[in-house]
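Reader: I am new to this structure and would like to be taken through it with some care. Could we look at it together, one step at a time?

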Amino acid sequence: MNSSRPYLVRALYEWIVDNDCTPHMLVNSEFPKVDVPQGFSSDGQIVLNVSPSAVRHLHMDNEAVSFEGRFGGVPHTLFVPIGAILGIYARENGQGMVFDLESPFEDEPSIEGEGGNDLPPPDSEPPRPSGRAELESGEVKGLFLRTLRINAPAVPGHFFARRIEVKVAPGR
């Protein structure tokens with residue numbers, strides 16, 4: 001079956017816009033083939049305002065999201081593979097969805113006969129990450145916010161986030 005992520009991204013985008021909210025996308029800016037202004041990324045992530053009033057020529061398909069946007073008044077063409085989208089949510093109330101991390105190597109064919117293979121055999125269980133997760137809560141300007149930070153080292157052959165921060169206002 002095809003990945004459900006592109007369908008969910010499109011459906012949530014439409015739902016957020018239909019409810020007169022501002023759709024924001026959390027993107028892994030270090031994912032292969034991502035084309036976003038790097039000066040605006042923080043910790044390998046960038047939050048993009050993809051509202052109809054903020055972007056031009058928005059195109060969403062099963063492979064990627066692309067559009068034109070302005071950063072610091074300078075126009076940029078952005079390209080975000082679907083696997084790089086970590087979440088989509090409404091700025092006003094935090095409602096939306098956060099996605100599991102996707103390996104940037106899932107669709108690439110394995111290359112036979114090129115030196116040693118550092119990847120574990122397909123049957124083996126991936127090593128358990130040794131990082132830690134922290135959940136912080138607090139109130140800012142009347143909104144109760146939760147921040148989840150996941151710190152995990154990258155393991156050869158497997159993709160783990162070094163840090164993900166998602167802030168939502170629950171109960172809305």
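The questions and answers below concern a predicted model.

Reader: In what order do the strands of the open sheet of 3 strands lie?
Author: The pairing within this open sheet is antiparallel. The strands at its edges, each pairing on one side only, are β3, covering 55-60, and β5, covering 74-81. The order of the open sheet is therefore β3-β4-β5.

Reader: Which residue is the bridge partner of F67 in β5?
Author: Strand β4 spans residues 64-71 and runs antiparallel to β5, to which 8 bridges join it. In β5, the residue that partners F67 in a bridge is L78.

Reader: What parts of the structure does the salt bridge between E68 and R56 tie together?
Author: The side chains of E68 and R56 meet in a salt bridge, with 3.9 Å from N to O, and this falls within the 4 Å that a salt bridge allows. Because E68 lies in one strand and R56 in another, the pair ties together parts that are 12 residues apart in sequence, namely strands β4 and β3.

Reader: Is R56 buried or exposed?
Author: A residue counts as exposed when its relative accessible area is over 50%. The relative accessibility of R56 is 53%, whereas E68 has 32% and counts as partly exposed. R56 therefore counts as exposed.

Reader: How many salt bridges does a search of the whole structure find?
Author: One of them joins the side chains of E68 and R56. The side chains of E92 and R91 also meet in a salt bridge, at 3.6 Å from N to O, and E92 is partly exposed, with a relative accessible area of 33%. For the whole structure, the number of salt bridges found is 2.

Note on methods
Residues numbered from 1 in each chain as written. Predicted model: local features only at pLDDT ≥ 70, side-chain atom pairs only at ≥ 80, totals over all residues. Heavy atoms only, no water. Pairing = 2+ DSSP bridges. Helix = DSSP H or I, 4+ residues; strand = E, 2+ residues; numbered from the N terminus. Buried < 20%, exposed > 50% of the residue type's maximum accessible area, 1.4 Å probe, protein only.
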